[in-house]
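Work through the exercises below with the sequence and the model open. Each task is followed by a solution in steps.

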Amino acid sequence: MFLIPIVLVAGIAVMLLVLGGEGAGIPILGGGTGPDDSTPEFDFRVGQATVVATDAEAKRGDLVDDATAVADEITPTIDDLFTNAFLDPTNWREGDYEEVFTAFSEQARPTAEQNLEILTLGAQAGDVFEDVEPGKGRLVYDVLFDREGNPATAVVVVSFTAIGERIDGTFVQVVSDGQFFFENVDGWKIVSFDVVRKDQDVEAPTPAPSGASGTTGATGASA
């Protein structure tokens, strides 16, 4: 019973002497620590969906439940889009945003890919940021119905913020505002968009006052 721990300690000592070398060591316990690749949890707050009827005789009250159902169906797509675009470190550290573009229709995807720097943290984000944490997010829906009373288009107004800590120790508030236009194309897909980035430096990892040091925007649409 007493020999077993003694033998283990002796074995470890021999390994350190033989393999460690002068000025070197073997991380037998614990191992080294790398960057945190866990994705922060984030969900948008959702406002009440607004009904937009194209038939003057349509009763909007009868369409509210359908509009709400459309919003409930689309919201997880927007949650995933912004999580993949700004918060998932396995994406932004590599500049690989393939998961983002699955939300777009086949026709709108090329335009979205051309606007990667607007729609995501950027291709070089891994060289700039140490960490990114979510701030606030809100969605507002306008659901347009055709003359038969079917939901045809959903316009999603998006407001999103996050706080990014740069490698040099400074902080930036990432701000993305805009609209995404969805149509039911084998499931609700983004067919066009109008997005503006208003990122601004902040002194601490807290939301900064309204206003921006610079504004860039992108608009994309299917044919």
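**Exercise 1. A strand and its surroundings**

Why is β5 largely enclosed by the rest of the structure?

Solution. The model is a predicted one. The cut-off for a buried residue is under 20% relative accessible area. Ten of the 14 residues of β5 are buried, so the strand counts as largely enclosed. β6 can be examined in the same way: seven of its ten residues are buried, and β6 is mostly covered.

**Exercise 2. Strand pairing around β5**

Find the strands that pair with β5, and give the sense and the number of bridges for each.

Solution.
- Step 1: take β4. β4 and β5 run antiparallel and are paired over 13 bridges. One position to check is Gly-164, whose bridge partner in β5 is Val-172.
- Step 2: take β6. β5 and β6 are antiparallel, with nine bridges between them. Glu-183 has Lys-189 as its bridge partner in β6, and Phe-181 stands opposite Ser-192 in β6.
- Step 3: take β7, residues 200-202. Three bridges join β7 to β5, again in the antiparallel sense. Phe-171 has its bridge partner, Val-202, in β7.

**Exercise 3. Two hairpins**

Which residue takes a positive phi in the hairpin of β4 and β5, and which in the hairpin of β5 and β6?

Solution.
- Step 1: between β4 and β5 there are four residues, and Gly-169 has a positive phi near 90°.
- Step 2: between β5 and β6 there are three residues, and here Asp-186 has a positive phi near 55°.
- Step 3: consider the residue type. Asp-186 is not a glycine, yet its phi is positive, about 55°.
- Step 4: consider its setting. Asp-186 sits in the loop between β5 and β6. Exposed means over 50% relative accessible area; at 80% relative accessibility, Asp-186 is therefore exposed.

**Exercise 4. The geometry of α2**

Where does α2 bend, and by about how much?

Solution.
- Step 1: check the span. α2 has 28 residues, and its first and last C-alpha atoms are 37 Å apart, close to the 40 Å expected at 1.5 Å a residue.
- Step 2: find the bend. α2 bends by about 30° at Ile-74.
- Step 3: look at what follows. Within four residues of Ile-74 there is a proline, Pro-76.

**Exercise 5. Thr-75**

Is Thr-75 buried or exposed?

Solution.
- Step 1: place the residue. Thr-75 belongs to helix α2, residues 60-87.
- Step 2: apply the cut-off. Thr-75 has 10% relative accessibility, so this residue counts as buried.
- Step 3: list its contacts. Apart from neighbours within four places in sequence, Thr-75 touches Val-46, Leu-139 and Tyr-141.
- Step 4: compare sequence and space. Arg-45 and Thr-75 are separated by 30 residues in sequence, and their C-alpha atoms are 9.4 Å apart.

**Exercise 6. The largest nonpolar core**

Which element gives the largest share of the largest nonpolar core?

Solution.
- Step 1: the core has 49 residues, and those touching the most other members are Ile-74, Phe-82, Phe-104, Leu-121, Phe-180 and Phe-182.
- Step 2: several elements give two or more residues to this core, among them β2, α2, α4, β3, β4, β5 and β6.
- Step 3: α2 supplies the largest share, eleven residues.
- Step 4: follow one member outwards. Beyond four places in sequence, the contacts of Phe-182 include Ile-74, Thr-77 and Ile-78, as well as Ala-152, Val-156, Trp-188 and Ile-190.

**Exercise 7. The whole chain and its confidence**

Which element has the lowest mean pLDDT, and which the highest?

Solution.
- Step 1: start with the chain. Its mean pLDDT is 83, and 75% of the residues reach 70 or more.
- Step 2: compare the elements. Helix α1, residues 3-20, has the lowest mean pLDDT, 44, and strand β6, residues 188-197, the highest, 98.
- Step 3: locate stretches of low confidence. The pLDDT is below 50 over residues 12-32, a stretch with eight contacts in the model beyond near neighbours in sequence. Residues 207-214 also stay under 50, and the model has 14 contacts for them beyond four places in sequence.
- Step 4: set this against the make-up of the chain. The chain has six helices and eight strands, and 37% of its 223 residues count as buried. Of the contacts between residues at least 6 apart in sequence, 60% join residues at least 24 apart.

Key:
Residues are numbered from 1 along each chain as its sequence is written. This is a predicted model: local features need pLDDT of at least 70, side-chain atom pairs count only at pLDDT 80 or more; totals for chains, interfaces and linings use all residues. Side-chain values use heavy atoms; hydrogens and water are left out. Buried means under 20% relative accessible area, exposed over 50%, partly exposed in between (1.4 Å probe, protein chains only). Contact means heavy atoms within 4.5 Å. pLDDT is the predictor's confidence in each residue, from 0 to 100. The expected span of a helix is 1.5 Å times one less than its number of residues. The bend at a residue is the angle between axes fitted to the seven residues ending there and the seven starting there. A nonpolar core is a set of buried Ala, Val, Leu, Ile, Met, Phe, Trp, Tyr and Cys residues joined through side-chain atoms within 4.5 Å. Two strands pair if DSSP finds at least two bridges between them.
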